[in-house]
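Please open the model in your viewer and keep the sequence panel beside it. The stops below are meant to be taken in order, with a selection to make at each one.

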Amino acid sequence: MSYCTRADLELRYGVKNIMNWSDLDGDGVANDARIQEACDHADAEIDVALQGGPYSLPLTFQTTSASDYVKHVAAALDAFHLYEASGLLDSDGQKNKLES
């Protein structure tokens with residue numbers, strides 16, 4: 001179970017941004033494997049941070065607010081991993097930016 005899905009990322013950051021951040025070869029197509037890798041990495045970061053505590057991992061949620069909060073954190077980590085790996089400059093020489 002992933003704390004955040006591709007659909008969650010696209011809803012939060014936009015389909016175009018997720019595609020741009022995952023598309024390292026510049027073919028204009030989102031890289032599904034990179035997106036999933038970012039999600040898996042964020043899940044692992046969250047679990048490691050909570051490891052050894054009073055929580056059973058992976059987390060399960062009793063309330064929507066708790067689930068939404070963890071989804072928010074996971075989405076931020078996912079986006080960071082995708083964005084960071086895409087490089088500091090886009091292929092057009094412009095700094096990476098969040099598109100609306």
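The tour goes from the whole chain to single residues, and then to a core, a pocket and a peptide bond.

**The whole chain**

Before selecting anything, bear in mind that this is a predicted model. Show the chain as a cartoon and follow the path from the N terminus, where the elements run α-α-α-α, for there are four helices and zero strands in the chain. Of the 100 residues, 29% count as buried. If you look at the contacts with a separation of 6 or more, 68% of them are between residues 24 or more positions apart.

**Cysteine 4**

Now select cysteine 4, which lies in the segment before helix H1 (6-13). Is cysteine 4 buried or exposed? Its relative accessible area is 1%, and because a residue under 20% is called buried, cysteine 4 belongs to the buried ones. Display its surroundings next: beyond the neighbours within four places in sequence, cysteine 4 is in contact with Leu9, Cys39, Asp43, Lys71, Ala74, Ala75 and Asp78. You can also draw a distance from the C-alpha atom of cysteine 4 to that of serine 67, which gives 9.7 Å although the two are 63 residues apart along the chain.

**Leucine 9 and the nonpolar core**

Move on to leucine 9, and show the residues that it touches, leaving out those up to four places away in sequence: they are Cys4, Gly14, Ile18, Ile35, Cys39, Ala75, Asp78, Ala79 and Leu82. Leu9 is also one of the residues with the most contacts inside the largest nonpolar core, together with Tyr13, Ile18 and Leu82, and this core has 18 residues. Two or more residues of the core come from each of H1, helix H2 (15-22), H3 and H4, and H4 gives the largest share, with five residues.

**Helix H2 and serine 22**

Colour helix H2 next, and pick out Asn17, Ile18, Met19, Trp21 and Ser22, which are buried in this helix. Which helices help to cover the buried residues of H2? The cover includes H1, H3 and H4.

Stay in helix H2 and zoom in on serine 22, which is located there. Why does serine 22 count as buried? Its relative accessibility is 0%, and therefore it falls under the 20% cut-off. From serine 22, the side chain reaches the backbone oxygen of isoleucine 18 at 3.0 Å. Outside the four nearest places in sequence on either side, serine 22 is in contact with Ala30, Asn31, Arg34, Ile35 and Leu82.

**The second largest pocket**

For the next stop, select Ile46, Leu50, Tyr55, Leu59, Thr60, Phe61, Ala66, Tyr69, Val70 and Val73, the residues that line the second largest pocket. Helix H3 (32-50) and helix H4 (64-85) are the elements that give two or more residues to this lining, and the largest share, four residues, comes from H4. Colouring the lining by residue type will show nine nonpolar residues, one polar residue and no charged ones. The volume of the second largest pocket is about 170 Å³.

**A cis peptide bond**

Finally, select leucine 57 and proline 58, and look along the backbone between them, where a cis peptide bond joins the two residues with an omega of about -5°. Proline 58 is placed in the loop between H3 and H4.

Note on methods: Residues are numbered from 1 along each chain as its sequence is written. This is a predicted model: local features need pLDDT of at least 70, side-chain atom pairs count only at pLDDT 80 or more; totals for chains, interfaces and linings use all residues. Side-chain values use heavy atoms; hydrogens and water are left out. Buried means under 20% relative accessible area, exposed over 50%, partly exposed in between (1.4 Å probe, protein chains only). Contact means heavy atoms within 4.5 Å. On a 1 Å grid over the protein atoms alone, a cavity is a set of points where a 1.4 Å probe fits but cannot get out, and a pocket is an open set with protein on both sides within 12 Å along at least five of seven lines; lining residues have an atom within 4 Å of a point. Grid points are joined across faces, edges and corners, and a volume is the space filled by probe spheres set on the points. Ala, Val, Leu, Ile, Met, Phe, Trp, Tyr, Cys and Pro count as nonpolar, Asp, Glu, Lys and Arg as charged, and the others, Gly among them, as polar. A nonpolar core is a set of buried Ala, Val, Leu, Ile, Met, Phe, Trp, Tyr and Cys residues joined through side-chain atoms within 4.5 Å. A polar contact is a pair of N or O atoms within 3.5 Å; within protein, one must be able to donate a hydrogen and the other to accept it, and residues adjacent in sequence count only if both atoms are side-chain atoms.
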